[in-house]
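Colleague: I am new to this protein, and I would like to learn how to read its features one at a time. Could you show me the model and then take me through it?

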Amino acid sequence: MFTPGYWIDHYGNIHNIKEISDDYLKNIINFLKRELESEEYNLIETIAIRNKIDELEEEAINRGII
């Protein structure tokens, strides 16, 4: 899940962030934001999730979808 440039889904499939659809990208971002709000994570996990959200949001901004 936290490999730079990639998204690893809950099935273990690896997706290049640049190749995933706009809708899937938005869904991942929303999923991770909800996770941070609903679960308690330790500091390292929280930072890793936040960094992935930032990376995904940067890609979404580059695509003009957010």
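Modeller: What follows goes from the overall fold to the core and then to single residues.

Modeller: This is a predicted model, in which local features need pLDDT of at least 70 and side-chain atom pairs count only at pLDDT 80 or more, while totals for chains, interfaces and linings use all residues. Residues are numbered from 1 along each chain as its sequence is written, and side-chain values use heavy atoms, with hydrogens and water left out.

Colleague: How many helices and strands does the protein have, and in what order do its elements run from the N terminus?

Modeller: Helices (H or I, at least four residues) and strands (E, at least two) are DSSP runs, numbered from the N terminus. Here there are two helices and two strands, and the elements follow the order β-β-α-α from the N terminus on.

Colleague: What radius of gyration does the protein have, and what would a compact globule with 66 residues have?

Modeller: The radius of gyration is taken over C-alpha atoms, and the globule rule is 2.2 Å times the number of residues to the power 0.38. For 66 residues a compact globule would come near 11 Å, and the protein agrees with this because its own value is 11 Å. Along the principal axes, the C-alpha trace spans about 30 × 25 × 15 Å.

Colleague: What share of the contacts between residues at least 6 apart in sequence joins residues at least 24 apart?

Modeller: Contact means heavy atoms within 4.5 Å. Of the contacts between residues at least 6 apart in sequence, 55% join residues at least 24 apart.

Colleague: Which residues form the largest nonpolar core?

Modeller: In soluble globular proteins, nonpolar side chains tend to be buried together. Buried means under 20% relative accessible area, exposed over 50%, and partly exposed in between (1.4 Å probe, protein chains only). A nonpolar core is a set of buried Ala, Val, Leu, Ile, Met, Phe, Trp, Tyr and Cys residues joined through side-chain atoms within 4.5 Å. In this protein the largest such core has 11 residues, namely W7, I17, I20, L25, I28, I29, L32, I49, I53, L56 and A60. Helices α1 (22-38) and α2 each supply at least two residues of this core. Taking L25 as an example, and not counting residues up to four places away in sequence, L25 touches I17, I20, L56, E59, A60, R63 and I65.

Colleague: Since E59 appears among those partners of L25, is E59 buried or exposed?

Modeller: E59 lies in helix α2 (residues 43-63) and counts as buried, because its relative accessibility is 9%. Apart from neighbours within four places in sequence, E59 is in contact with I17, K18 and L25.

Colleague: How should I read E45 and R50 in helix α2?

Modeller: E45 counts as partly exposed, because its relative accessibility is 36%, and R50 is partly exposed with a relative accessible area of 34%. The C-alpha atoms of E45 and F2 are separated by 9.9 Å, although these residues are 43 residues apart along the chain. R50 and L36, for their part, are 14 residues apart in sequence and 8.3 Å apart in space, C-alpha to C-alpha.

Colleague: Where is D9 found, and which residues is D9 in contact with, leaving aside its neighbours within four places in sequence?

Modeller: D9 sits in the loop between β1 (6-8) and β2 (14-16), and D9 counts as buried because its relative accessibility is 11%. Beyond neighbours within four places in sequence, D9 is in contact with H15 and Y24.
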